[in-house]
Amino acid sequence: ISTFVISQSDITVACATGATCTVDASGFSGGVTIGDITGASDVSNITLSGFTIVGDDSTVSGVTVLPRSSNVTVDGNTISGMALANPGNASPLAYGILTYGVSATSYMPSNLTFSNNTISGVHGAGISLGSYTLNVSVTGNTISDIVSVDLAGSPFSVGVQAQAAAGVTVSGNTFAGSATNILAAGVNLV
């Protein structure tokens with residue numbers, strides 16, 4: 001599979017036990033997108049689990065949870081290789097998992113669970129809650145070898161970051177760097 005979008009509610013997309021399910025997002029801007037890409041309707045009660053999601057220097061994010069999404073679980077996936085700086089804003093980051101909202105009063109992704117994922121080799125951020133997310137649990141993930149990017153003249157990489165997020169729980173995660181990919185921050189909540 002190259003990429004896919006989950007745009008309807010009440011769906012579980014899970015790799016069968018013992019199977020290998022790979023989403024190769026190489027050459028594409030994203031791997032798996034959860035939510036209505038038109039922004040016209042709400043999407044809720046989604047689970048994505050058991051996938052290997054790989055990207056390259058054309059890929060911004062492995063998994064993206066769009067505004068107007070709620071009750072989303074991303075669990076037990078292996079995500080790596082995203083390296084394209086976000087073309088949607090001035091951020092130099094690529095993301096293993098990305099979610100963001102529209103404003104503090106409307107269309108905030110909410111009740112999100114990112115658990116038991118293995119994220120590595122991504123340029124910039126393992127998990128980014130972007131701006132305006134509500135009630136997010138980030139637990140049991142292993143985030144390692146996040147590649148530093150140039151942020152205002154300084155090298156920067158982060159395991160989990162959030163900006164203007166409320167109700168965020170980050171616990172039980174493992175963060176690791178290496179001699180070549182030193183993790184600047186495990187958790188950065190602004």
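**Entry 1: strand β18**

How many of the six residues of strand β18 (residues 158–163) are buried? I looked this up and found five, so β18 is largely enclosed by the rest of the structure. For my own glossary, buried means under 20% relative accessible area, exposed means over 50%, and partly exposed is in between, with a 1.4 Å probe and protein chains only. Strands are DSSP runs of E with at least two residues, while helices are runs of H or I with at least four, and both are numbered from the N terminus.

Before going on, I noted that this is a predicted model, where local features need pLDDT of at least 70, side-chain atom pairs count only at pLDDT 80 or more, and totals for chains, interfaces and linings use all residues. Residues are numbered from 1 along each chain as its sequence is written, and side-chain values use heavy atoms, with hydrogens and water left out.

Next I asked what β18 pairs with. Strand β13 (residues 124–131) runs parallel to β18, and four bridges join them. Two strands pair if DSSP finds at least two bridges between them. Within this pairing, I found Ser128 opposite Gln161 of β18.

Just after β18 I stopped at Ala164, in the loop between β18 and β19. Its phi is near 55°, a positive value in a residue other than glycine. Ala164 has a relative accessible area of 37%, so I wrote it down as partly exposed.

**Entry 2: two open sheets**

I traced one open sheet of six strands, in the order β2-β5-β8-β11-β14-β19, with parallel pairing. β2 (11–14) and β19 (166–171) are at the edges with a single partner strand each, so one side of each has no neighbour in the sheet. The twist here averages 5° from one strand to the next; axes are lines fitted to C-alpha atoms (for helices over the stretch in contact), and angles run from 0 to 180 degrees between N-to-C directions.

Inside this sheet I looked at β11 (residues 110–115) and β14 (residues 134–139), which pair in the parallel sense over five bridges. Leu112 stands opposite Val136 in β14. Asn111 also lies in β11, and I marked it for its positive phi of about 55°, although it is not a glycine. At 36% relative accessibility, Asn111 counts as partly exposed.

Then I traced another open sheet of six strands, β3-β6-β9-β12-β15-β20, and again the pairing is parallel. Its edge strands, β3 (22–24) and β20 (174–176), each pair on one side only. From one strand to the next, the twist averages 10°. β6 and β9 share three bridges in the parallel sense, and Val54 has Ser80 of β9 as its bridge partner.

**Entry 3: two asparagines in loops**

Is Asn77 buried or exposed? At 1% relative accessibility, Asn77 counts as buried. I found it in the loop between β8 (69–75) and β9. Leaving out residues up to four places away in sequence, Asn77 touches Leu48, Ser49, Gly50, Phe51, Asn116, Asn117 and Thr118; contact means heavy atoms within 4.5 Å. I also checked Asn77 against Ile119: they are 42 residues apart in sequence, and their C-alpha atoms are 8.2 Å apart.

Asn86 is in the loop between β9 (78–80) and β10 (94–99). Asn86 counts as buried at 14% relative accessibility. Its side chain makes a polar contact with the side chain of Tyr95 at 3.2 Å. A polar contact is a pair of N or O atoms within 3.5 Å; within protein, one must be able to donate a hydrogen and the other to accept it, and residues adjacent in sequence count only if both atoms are side-chain atoms.

**Entry 4: the nonpolar cores**

Which residues touch the most other members of the largest nonpolar core? They are Val32, Ile34, Leu48, Ile53, Val63, Phe114 and Ile127, out of 33 residues. β5 gives the most to this core, with three residues. A nonpolar core is a set of buried Ala, Val, Leu, Ile, Met, Phe, Trp, Tyr and Cys residues joined through side-chain atoms within 4.5 Å. A second, separate core has nine residues, including Tyr95 and Phe156.
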